[in-house]
Amino acid sequence: MNFSRRSGILFHPTSFAGTPGIGTLGTGAYRFADWLHEAHQTLWQILPLGPTGYGDSPYASFSTFAGNPLLIDFDMLVEKGWADKADTVPPEYISMSGKIDFGSVVWWKLPLLSKCAAYFLAHCSAQDRAAYEAFKNDNAAWLDRYADFTSIKQYYDAEAQRQGISGIKGMWNAFWPRELASCNRAAVSKWDSEHTQNIEEIKAVQFFFAEQWTSLKKYVNSLGIDVIGDIPIFVAPDSADVWASQQFFQLDEHGVPENVAGVPPDYFSATGQLWGNPLYDWDAMKADNYSWWIARIRRVLQLVDCVRIDHFRGFEAYWSIPYGEPTAVNGKWIKGPGIDLFDAIKKSLGDIPVIAEDLGVITDEVRALRDGCGFPGMKVLQFAFDPNEAGKEGMSNAFLPHEYNTSHCVVYTGTHDNDTMQGWLERASGSAVRVVAEYVNGKETSEAAALATVKSGGLCDSMVRSAIASTAAYAVIPMQDILRLDNGARMNVPSTTGMNWSWRMEEGALTKENASRLAFLSSLYGRNLK
């Protein structure tokens with residue numbers, strides 16, 4: 001990965017326009033790639049690509065190795081002869097625009113994908129069958145266990161629903177028969193033999209995703225654009241990852257976590273954040289030469305060109321909270337694997353292109369680990385003007401562009417966890433907006449004049465320009481900030497559930513005007529060449 005001066009857009013495929021219910025890997029994705037090229041952008045950053053679970057979050061996936069079936073494009077399946085067109089007409093309750101209604105999309109799309117998989121398995125050509133068999137063989141290390149997990153989960157989730165069991169009570173470690181919950185080889189093999197068609201359909205759906213994503217990425221790369229992917233440090237408790245590799249997690253004999261992940265109290269939250277992810281048994285992973293993590297990194301780098309690792313500080317030390325605690329208050333810091341893990345990964349895979357998410361309370365030890373690995377960290381412009389970190393006079397803040405002590409970093413106006421830049425500016429105080437306006441425009445201004453530039457979208461544009469003009473090697477701008485969208489387009493509000501991850505871009509938003517503006521800025525500030 002070339003960490004020279006470049007820029008690009010953060011835009012997850014679920015947010016593409018023009019397809020029923022949710023963005024897909026179809027024509028909207030290719031239109032976006034063409035627009036990126038027209039805008040002289042050479043980076044496209046996405047969120048995790050795995051199948052989404054609780055809360056529809058891409059950071060709580062049923063598998064860190066699999067692809068999200070909801071991203072599969074039905075028109076492309078029909079074009080290849082892998083689905084019957086009559087089956088793919090969406091019902092009236094599926095909208096072509098507006099926010100994603102995940103409940104409706106899942107209810108409609110997942111059963112239909114299984115039907116398409118059955119059609120494919122019954123009607124595919126010899127050439128397509130050979131490609132499918134090769135896919136299964138090449139990915140057997142994760143695909144077999146993912147298909148097993150999904151098949152068993154589908155059955156027992158339906159059984160839990162019949163019995164009126166919901167939420168955590170329906171999880172594999174609480175509701176499945178013990179021999180299946182423990183991933184007993186003989187029991188799982190017996191399940192395979194009794195559910196062959198279902199398991200084949202699950203694998204065929206993953207084949208659909210792989211074919212469509214591989215084709216899209218090949219096209220994107222042909223335009224000189226690299227894809228930046230994303231993986232969270234931890235995995236979801238209700239996942240094939242934990243179920244199939246229980247020996248590598250801090251679980252009791254019944255598969256229940258002994259300790260879970262989160263972050264301690266800070267000025268954002270008096271009780272901290274209780275994420276609930278099971279923690280790794282790093283001693284067990286080290287004894288196995290970190291094979292699970294090596295396989296995970298290898299897999300994600302098959303899908304993308306560079307990977308951002310979320311919560312990188314957890315490799316130096318992680319906040320361990322006893323399972324069952326109502327908040328994150330009673331946790332403690334435990335040392336992580338540190339450089340030993342990355343030495344093992346490098347020994348197996350060579351130099352890997354990684355961006356370290358080093359936001360939050362970061363210690364000298366975390367910085368030393370990041371720098372020892374040679375990974376660039378992150379800068380977020382919204383944090384540069386946080387009232388807890390900076391004031392109008394004598395500002396000093398590591399997120400301010402003039403404070404960057406290295407170009408080996410990636411600057412964002414905001415991330416998926418931030419408000420949009422326009423939304424953030426609209427909610428900021430007049431005095432804070434004045435500080436922002438004076439900083440990015442380089443001249444004294446009144447609060448009234450500064451607030452006027454917020455209303456027009458001009459201050460949002462100036463923040464985008466400041467990111468692209470900065471010394472950071474990469475500048476990545478969320479698509480919402482290019483479009484000057486307000487809080488209604490926010491992707492996620494941390495520690496909440498509901499309408500997160502549901503934003504979709506409006507049809508026709510990829511204008512030549514916005515492409516020309518980006519192309520000009522990228523040329524002006526030396527970011528238009530790889």
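These legends walk through the whole chain and then several close-up views of it.

The model is predicted, so local features need pLDDT of at least 70 and side-chain atom pairs count only at pLDDT 80 or more, while totals for chains, interfaces and linings use all residues. Residues are numbered from 1 along each chain as its sequence is written, and side-chain values use heavy atoms, with hydrogens and water left out.

**View 1. The whole chain.** Let's start with the full picture: 21 helices and 12 strands. Helices here are DSSP runs of H or I with at least four residues, strands are E runs with at least two, and numbering goes from the N terminus. The C-alpha trace spans about 75 × 55 × 45 Å along its principal axes. How does the radius of gyration of the chain fit a compact globule? The chain has 23 Å, which agrees with the value near 24 Å for a compact globule of 530 residues. That radius is taken over C-alpha atoms, and the globule rule is 2.2 Å times the number of residues to the power 0.38. Of the 530 residues, 56% are buried; buried means under 20% relative accessible area, exposed over 50%, and partly exposed in between, with a 1.4 Å probe and protein chains only.

**View 2. The largest nonpolar core and Trp213.** A nonpolar core is a set of buried Ala, Val, Leu, Ile, Met, Phe, Trp, Tyr and Cys residues joined through side-chain atoms within 4.5 Å. The largest one here has 163 residues, and those with the most contacts inside it include Trp44, Trp213 and Phe315. Helix α9 (residues 196-222) gives the largest share of this core, 11 residues. Zoom in on Trp213 and, leaving out residues up to four places away in sequence, you'll find it touching Leu25, Trp44, Ile46, Leu49, Val227, Leu303 and Val304. A contact means heavy atoms within 4.5 Å.

**View 3. Phe208 in helix α9.** Here's another residue of helix α9, Phe208. Is Phe208 buried or exposed? Phe208 counts as buried because its relative accessibility is 0%. Not counting residues up to four places away in sequence, its partners are Ile72, Leu77, Trp82, Leu113, Cys116, Ala117 and Phe120. Phe208 and Ile72 sit 136 residues apart along the chain, yet their C-alpha atoms are 6.9 Å apart.

**View 4. Ala83 in a loop.** Ala83 belongs to the loop between α2 (74-79) and α3 (102-123). At 6% relative accessibility, Ala83 is buried too. Beyond its neighbours within four places in sequence, Ala83 meets Leu77, Val78, Thr88, Cys116 and Tyr119. Its C-alpha is 8.2 Å from that of Lys115, 32 residues away along the chain.

**View 5. Two histidines with positive phi.** Most residues other than glycine have a negative phi. His40 has a positive phi of about 60°, and phi of His311 is near 60°. Where do they sit? His40 is in the loop between α1 (27-38) and β2 (43-45), and His311 is in the loop between β6 (306-310) and β7 (317-322). His40 is partly exposed at 36% relative accessible area, whereas His311 counts as buried at 11%.

**View 6. Trp424 in helix α16.** Our last stop is Trp424, part of helix α16 (residues 421-427). Setting aside neighbours within four places in sequence, Trp424 contacts Gln382, Phe385, Asp419, Val436 and Met463. The C-alpha atoms of Trp424 and Asp486 are 7.9 Å apart, with their positions 62 residues apart along the chain.
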